[in-house]
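Biologist: Please take me through one part of this model closely: the largest pocket. Which residues line the largest pocket, and which lie nearest its centre?

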Amino acid sequence: PLLCKGRQSGFAIVNVPSMKDFTKSVEPSFIDAYGAVKSEYIANGGNLNNAPVSLFSLPKKENGASWAGYFYPYLKISDLGAVKTVPPAAYVSNLFIAKYTASKPWSIVAGPKRGVISGNQVVGVEGSLIHDDREYLEPIGINPIIWENGVGVEIFANKTAKQSPMSALSSIHAREACIYIQDNVESILKKYNWEANT
């Protein structure tokens with residue numbers, strides 16, 4: 001995100017650590033007494049009851065928060081009959097490319113029309129995220145990927161990491177529009193270098 005912020009002309013699609021990675025983390029811990037990852041702990045940066053020394057967080061505004069979208073959890077794919085988990089960013093980026101290829105640059109990449117992740121042996125998600133999970137993840141800028149009956153694997157949010165304070169740049173499609181406008185205005189203005197002001 002910091003690189004995108006510096007260049008002012010790109011948007012980062014980033015993987016959040018996998019559920020397996022959150023399960024293995026000790027400092028801070030993200031699991032409950034039953035060994036299950038809790039979205040509340042991810043949102044809080046860890047299990048605060050354990051008084052962690054360090055906390056998990058997404059970048060803040062000064063570190064490029066509005067220049068990146070974070071996606072969670074990992075995807076399940078079938079590879080020669082074996083089910084494996086893989087990071088979602090490459091699959092998510094394909095959906096962004098598809099909307100531009102379809103001449104729909106202002107569209108939101110989420111939901112059943114433009115947010116369905118399919119192909120390349122995608123068979124599911126690493127773990128189920130229910131409504132309560134999404135209520136913890138979206139407000140901190142994590143875009144949940146869910147399994148929805150009748151739809152399949154689907155991106156279910158449109159957030160950048162810039163969630164505090166909320167603004168138009170808290171939404172991915174708004175940041176994309178700003179990048180598009182800025183790039184085009186800059187290319188137009190380059191033609192007027194060293195011209196008298198009119």
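Modeller: First, a term. A helix here is a DSSP run of H or I with at least four residues, and helices are numbered from the N terminus. Keep in mind that the model is predicted.

Now the pocket itself. A volume of about 260 Å³ is computed for the largest pocket. Its lining is made up of 13 residues. Nearest the centre lie S9, F11, Y100, E176 and I179. Two elements each give two or more residues to this lining: helix 4, residues 89-101, and helix 7, residues 172-189. Of these, helix 7 makes the largest contribution, with five residues.

Next, the chemistry. Seven residues of the lining are nonpolar. Four are polar, and two are charged. Among the residues nearest the centre, F11, Y100 and I179 count as nonpolar. S9 is polar, and E176 is charged.

For context, take the second largest pocket. Its volume is about 220 Å³. Here 15 residues form the lining. L58, P59, K60, I140 and A161 are the ones nearest the centre of this second pocket. The lining of the second largest pocket divides into nine nonpolar, three polar and three charged residues. Near the centre of this one, K60 is charged, while L58, P59, I140 and A161 are nonpolar.

Back to your pocket, then. To view the largest pocket, start from S9, F11, Y100, E176 and I179, then trace helix 7, which supplies five lining residues.

Key. Residues are numbered from 1 along each chain as its sequence is written. This is a predicted model: local features need pLDDT of at least 70, side-chain atom pairs count only at pLDDT 80 or more; totals for chains, interfaces and linings use all residues. Side-chain values use heavy atoms; hydrogens and water are left out. On a 1 Å grid over the protein atoms alone, a cavity is a set of points where a 1.4 Å probe fits but cannot get out, and a pocket is an open set with protein on both sides within 12 Å along at least five of seven lines; lining residues have an atom within 4 Å of a point. Grid points are joined across faces, edges and corners, and a volume is the space filled by probe spheres set on the points.
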